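Open the model in your viewer and keep the selection box handy. We'll go stop by stop, with a note on what to look for at each one.

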Amino acid sequence: MVVGGGRQRAAWMLPYLVKTLRKEPLKPTNQTLPSLRRTFSLYDQINLIDTVPDDQLRFQGYSDTGFTINKVKYEGSLLIVENKIMSWAPKKFSEITTESLSIFQVLRPVPEILILGCGRNVEPVSPALRRFIRSTGMKLEAIDSRNAASTYNILNEEGRPVAAALLPYGVTS
């Protein structure tokens with residue numbers, strides 16, 4: 001009997017809650033990073049991890065020319081390895097070569113995955129570049145730079161060894 005009373009009360013409160021929520025203006029999320037968990041949670045609205053360790057990098061935003069990481073704006077292409085940020089030479093997708101990723105030939109331990117941010121659009125990775133990345137022992141995930149930054153955040157928060165090579169979001173082929 002209590003369960004039924006609770007359901008009736010919830011059904012009675014629903015119109016009031018909807019009315020209250022509609023009065024709240026929607027806040028625009030101008031170029032904030034999307035979450036891969038969007039369809040399953042309110043990850044974009046709620047930070048599930050309240051405290052990020054000081055030595056851990058977290059992408060907080062992006063622009064057509066760079067990224068915001070740990071409240072610092074970086075312009076241009078970035079290479080992130082072992083929570084270290086480096087400027088990266090490629091300015092467009094065609095400039096991403098085995099030479100531009102040669103650090104992974106000597107880096108130990110090798111990250112589990114390399115997230116390749118292709119700019120605004122996902123680009124096909126050449127077979128030669130795929131073979132090179134596979135030869136280092138890494139897996140490759142090539143996606144647009146906005147989603148690459150979000151993916152990096154998620155994998156890094158999970159403590160997985162991850163590297164990212166990202167072109168700014170404004171780069172198109």
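Start by selecting Gly117 and Leu166: Leu166, in E8, is the bridge partner of Gly117. Strands like E8 are DSSP runs (E, at least two residues; helices are H or I, at least four), numbered from the N terminus. Before going further, note that this is a predicted model, where local features need pLDDT of at least 70 and side-chain atom pairs count only at pLDDT 80 or more, while totals for chains, interfaces and linings use all residues. Residues are numbered from 1 along each chain as its sequence is written, and side-chain values use heavy atoms, with hydrogens and water left out.

**Stop 1: strand E8**

Now widen the selection to E6 and E8, which run parallel and share five bridges. Two strands count as paired if DSSP finds at least two bridges between them. Is E8 mostly covered or not? Five of its five residues are buried, where buried means under 20% relative accessible area, exposed over 50% and partly exposed in between (1.4 Å probe, protein chains only). Color the two faces separately: Val162, Ala164 and Leu166 sit on one side, Ala163 and Ala165 on the other. In a regular strand the side chains alternate between the two faces of the sheet.

**Stop 2: strand E4 and its partners**

Select residues 78–81, which make up E4. E4 pairs with E8 (residues 162–166) in the antiparallel sense, over three bridges. Show Ile80 and you'll find its bridge partner in E8, Ala164; Leu79 stands opposite Ala165 in E8. Which way do the E4 side chains point? Leu78 and Ile80 go one way, Leu79 and Val81 the other, and all are buried.

Next, add E5 (residues 84–87), which pairs with E4 in the antiparallel sense over four bridges. Here Leu79 has Met86 of E5 as its bridge partner. Zoom in on the hairpin of E4 and E5: two residues lie between the strands, and Glu82 takes a positive phi near 50 degrees.

**Stop 3: the cores**

Show Trp88, Ile96, Leu101, Phe104, Leu114, Leu116 and Ile133 as sticks. These have the most contacts inside the largest nonpolar core, which has 22 residues. A nonpolar core is a set of buried Ala, Val, Leu, Ile, Met, Phe, Trp, Tyr and Cys residues joined through side-chain atoms within 4.5 Å. E4, E6 (113–117), H3 (127–136), E7 (139–143) and E8 each give two or more residues to this core, and H3 gives the most, with three. Apart from it lies another core, of 18 residues, including Leu57, Tyr62, Ile80 and Ala164.

Center on Leu116 and bring up its surroundings. Leaving out residues up to four places away in sequence, Leu116 touches Trp88, Phe93, Ile96, Val125, Leu140, Glu141, Ala142, Ile143 and Ala165 (contact means heavy atoms within 4.5 Å).

**Stop 4: Asn156**

Go to helix H4 (residues 145–157) and pick Asn156. Asn156 is buried, with a relative accessible area of 6%. Beyond neighbours within four places in sequence, Asn156 is in contact with Gln56, Leu57, Asn83 and Val162. Try a distance to Arg58, too: Asn156 and Arg58 are 98 residues apart in sequence and 8.1 Å apart in space, C-alpha to C-alpha.

**Last stop: the three-stranded sheet**

Finish with the open sheet of three strands, in the order E1-E2-E3 with antiparallel pairing. E1 (59–62) and E3 (72–75) are the edge strands, each pairing on one side only. E1 and E2 (residues 66–69) share three bridges. To see one of the partnerships, select Gly61 and Thr68, its bridge partner in E2.
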